[in-house]
Amino acid sequence: MKILVCISNVPDTTTRIKFVENKLDTTGIQWVINPWDELSLTRALELKDNNPGQVEAVTVAHVGPASAEPTIRKALAIGADSAIRINAEPHDAYFVAAQLAEVIKSEQFDIIMCGIESSDFNGSTVGSMIAEFLQYPSVSAVSNISIENGDVIITREIDGGKEILSLPLPFVAIVQKGIAKEPGIAAMRGIMMARSKPIKVVEPTDVEPLTDVVSYEMPPEKEACRFIDADKPGELIDILQNEEKII
Amino acid sequence: MSVLVYTENWEGKFKKLSYELVSYASGIAKMLDSSVTALSIGDVDDAELKSLGSYGASKILSLKNEHLRMLDSQAYTVVIGDIAKKLDARVIVLSNNNTGKALAPRLSVKLGAGIGSGVSKLPSSTDPFTVYKRVYSGNAFANVVIKSDIKIITLAQNSFEIVGTVNSAEIEHIGYDLEAGLIKTEVRDIHKQTGQLLLTDAEIVVSGGRGMKSPDNWGPLVELAGLLGGATACSRPVSDEGWRPHEEHTGQTGKIIAPNLYIAVGISGATQHIAGVSSSKCIVAINTDKDAPIFETARYGIVGDAMKVLPGLIEAVKSATTD
């Protein structure tokens with residue numbers, strides 16, 4: 001069984017987001033693996049460790065320019081066996097998914113894992129798009145994947161509970177919180193080994209994006225917090241009831 | 001030509017979010033001089049179906065098919081995609097909840113339709129078709145042009161006011177010949193609690209962080225949420241410690257919520273937490289540290305210890321509601 005984890009390269013969560021001429025100001029940004037993708041990778045590696053002989057390899061794939069290679073190396077240092085980089089600017093989700101689908105078609109994977117969302121565009125779309133391009137089944141909101149007696153068992157989060165599902169390979173799992181406890185850590189040995197692991201660079205196929213970001217806006221300015229005396233909780237309740245009218 | 005809205009049901013019932021979707025679709029239909037067709041898949045009775053008309057759906061398609069009891073993304077995409085083609089739908093509206101996230105991207109590829117996801121306002125223009133969406137986990141917003149002929153929108157929950165109208169909806173029961181073997185997802189087990197208020201549906205949320213100090217201190221927080229008819233939530237450290245269930249974790253990697261009132265108790269307000277709650281209409285923070293970052297996001301704040309402030313709030317709510 002071969003697992004592919006799709007990774008996105010995003011600004012660290014604590015980055016102060018700014019724009020210059022309607023483009024993200026990348027000055028001083030620390031780039032990281034998208035948090036959900038990092039959790040996917042962690043779970044994929046756990047599956048490989050816990051099921052020796054069943055999961056042969058974990059590969060990561062990324063659509064982006066060469067400047068994203070430190071993020072890909074980090075994924076290799078955490079433990080991925082190899083990486084594929086599609087050499088293109090990730091224009092929109094449709095474009096990215098089309099590129100990944102092409103690579104999957106030629107390389108053949110059994111489980112494709114994608115984080116449910118990227119922390120930059122918050123689209124929640126790439127994973128399911130890949131599945132439709134390939135006509136693979138997909139399950140979204142996956143909080144666990146395990147291998148039991150050779151069958152792949154998936155937990156899907158639903159409103160007010162969860163479902164335990166099985167489905168035939170290959171498929172796309174769009175994963176969310178719960179899939180792994182803590183993201184895997186790149187130890188010194190992993191970092192050393194990552195240097196010699198292969199990153200295959202693939203040129204993009206011709207795909208017309210379906211959307212364009214035309215401008216960015218900052219969130220509206222917020223008024224300063226209005227403090228209420230801790231000894232007068234009634235004042236707060238009065239405001240919420242009579243001024244805000246929300247209770 | 002029409003605007004198609006997919007209205008999911010929960011045990012045969014619609015929710016406020018269903019009416020938000022129909023109201024939103026109706027707003028778009030007005031801009032395009034078109035009409036709204038709502039699609040329901042599952043066992044929903046006619047009275048419930050008809051309720052969608054009160055928010056602007058002029059036609060309601062109801063498909064009951066026992067093979068579609070469970071969400072199979074691939075099969076649902078075939079069905080909704082075919083219906084969209086038959087209707088010549090120009091815009092398709094879904095929720096940005098788990099179901100919408102599972103279906104909208106597949107429909108996008110099937111129909112060659114660009115997506116605006118997690119949208120919170122009507123398009124600022126229909127030519128070019130420009131939508132406004134949250135990006136960088138709430139640290140910015142983007143105006144996105146959808147260039148394809150067909151547009152797909154997933155609407156952020158509790159971001160659009162429901163708008164009532166005269167109900168002149170027609171219900172049409174439709175069938176669908178589902179290709180054998182299309183459904184590949186096999187459901188082995190379901191664990192589900194019904195009847196509880198879901199965090200994502202709650203209009204009032206009371207949430208606790210590390211400042212609650214111990215899992216044994218949650219009583220007053222739960223009581224306050226109950227009195228306000230709200231749900232309880234927590235920050236990530238609290239769910240990681242096992243003080244509260246993971247389903248309650250709100251924040252970037254947990255649940256993203258947008259209630260009318262969010263009361264953060266003993267939560268310092270790390271960026272990751274704010275990313276999950278910044279769309280709330282009103283945030284109240286209670287924290288011992290007057291410099292905690294949560295006060296930069298909150299509209300109202302109380303500097304004080306949760307264990308002392310919560311009982312006071314409970315008493316105040318009780319006396320305000322008995323007046």
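Which residues form one aromatic cluster with A:Phe19? In this predicted model, the cluster is made up of A:Phe19, A:Tyr216 and B:Tyr136, and the sections below begin with these rings before turning to the contact between the chains.

## Aromatic rings

Over all chains, the count of aromatic pairs comes to nine. One of them is formed by A:Phe19 and A:Tyr216, whose rings are stacked, with 4.2 Å from centre to centre and 10 degrees between the planes. Because A:Phe19 lies in strand S3 (residues 19-20) of chain A and A:Tyr216 in strand S14 of chain A, this pair ties together parts that are 197 residues apart in sequence. With B:Tyr136 included, the cluster has members from chain A and from chain B.

## The contact between chain A and chain B

Chain A brings 78 residues to the contact and chain B brings 82 residues. The area buried between the two chains is about 6800 Å², and carbon and sulfur atoms give 57% of this area. On the side of chain A, the residues that lose the most area to chain B are A:Glu132, A:Asp159 and A:Lys177, which together account for 10% of what that side buries.

Polar contacts between chain A and chain B number 39 residue pairs, with both residues at pLDDT 80 or more. Several elements of chain A each supply at least two residues of the side that touches chain B, among them helix H1 (35-50), helix H4 (126-134), strand S9 (138-148) and helix H6 (233-243). The largest share of that side, eight residues, comes from H6(A). Sorted by class, the side of chain A that touches chain B has 40 nonpolar, 19 polar and 19 charged residues.

## Salt bridges

The structure holds 31 salt bridges over all chains, and six salt bridges are found across the interface of chain A and chain B. A:Glu132, which is among the residues of chain A that lose the most area to chain B, meets B:Arg106 through its side chain in a salt bridge at 2.8 Å, N to O.

Within chain A, the side chains of A:Glu102 and A:Lys105 also meet in a salt bridge, here at 3.2 Å, N to O. These two residues are three residues apart in helix H3 (residues 93-107) of chain A, so about one helical turn separates them.

## Strands and sheets

Strand pairing also links the two chains, since S11(A) is joined by six bridges to strand S11 (residues 186-192) of chain B, and the two strands run antiparallel. In this pairing, the bridge partner of A:Ser166 in S11(B) is B:Glu186.

An open sheet of six strands, with parallel pairing, follows the order S15(A)-S16(B)-S15(B)-S14(B)-S12(B)-S13(B). S15 of chain A and strand S13 (231-234) of chain B stand at the edges with a single partner strand each, so one side of each is left without a neighbour in the sheet. Inside chain B, strand S12 (residues 204-208) and strand S14 (residues 261-265) run parallel and are joined by five bridges, with B:Val205 standing opposite B:Tyr262 in S14(B).

## Backbone details

A cis peptide bond joins A:Leu169 and A:Pro170, with omega of about -10 degrees, and A:Pro170 has its place in the loop between S11 and strand S12 (171-175) of chain A. In chain B, a cis peptide bond joins B:Asp127 and B:Pro128, with omega of about 0 degrees, and B:Pro128 is found in the loop between strand S6 (125-126) and strand S7 (129-135).

A:Ala141, which lies in strand S9 of chain A, has a positive phi of about 60 degrees although this residue is not a glycine.

Notes
Residues are numbered from 1 along each chain as its sequence is written. Chains are lettered from A and ligands numbered from 1 in the order in which they are written. This is a predicted model: local features need pLDDT of at least 70, side-chain atom pairs count only at pLDDT 80 or more; totals for chains, interfaces and linings use all residues. Side-chain values use heavy atoms; hydrogens and water are left out. Contact means heavy atoms within 4.5 Å. Buried area is the accessible area (1.4 Å probe) that two parts lose on being put together, summed over both. A salt bridge is a side-chain nitrogen of Lys or Arg within 4 Å of a carboxyl oxygen of Asp or Glu. A polar contact is a pair of N or O atoms within 3.5 Å; within protein, one must be able to donate a hydrogen and the other to accept it, and residues adjacent in sequence count only if both atoms are side-chain atoms. Helices (H or I, at least four residues) and strands (E, at least two) are DSSP runs, numbered from the N terminus. Ala, Val, Leu, Ile, Met, Phe, Trp, Tyr, Cys and Pro count as nonpolar, Asp, Glu, Lys and Arg as charged, and the others, Gly among them, as polar. Two strands pair if DSSP finds at least two bridges between them. Rings of Phe, Tyr and Trp (its six-membered ring) pair if their centres lie within 6.5 Å; planes under 30 degrees apart count as stacked, over 60 as edge-to-face and the rest as tilted.
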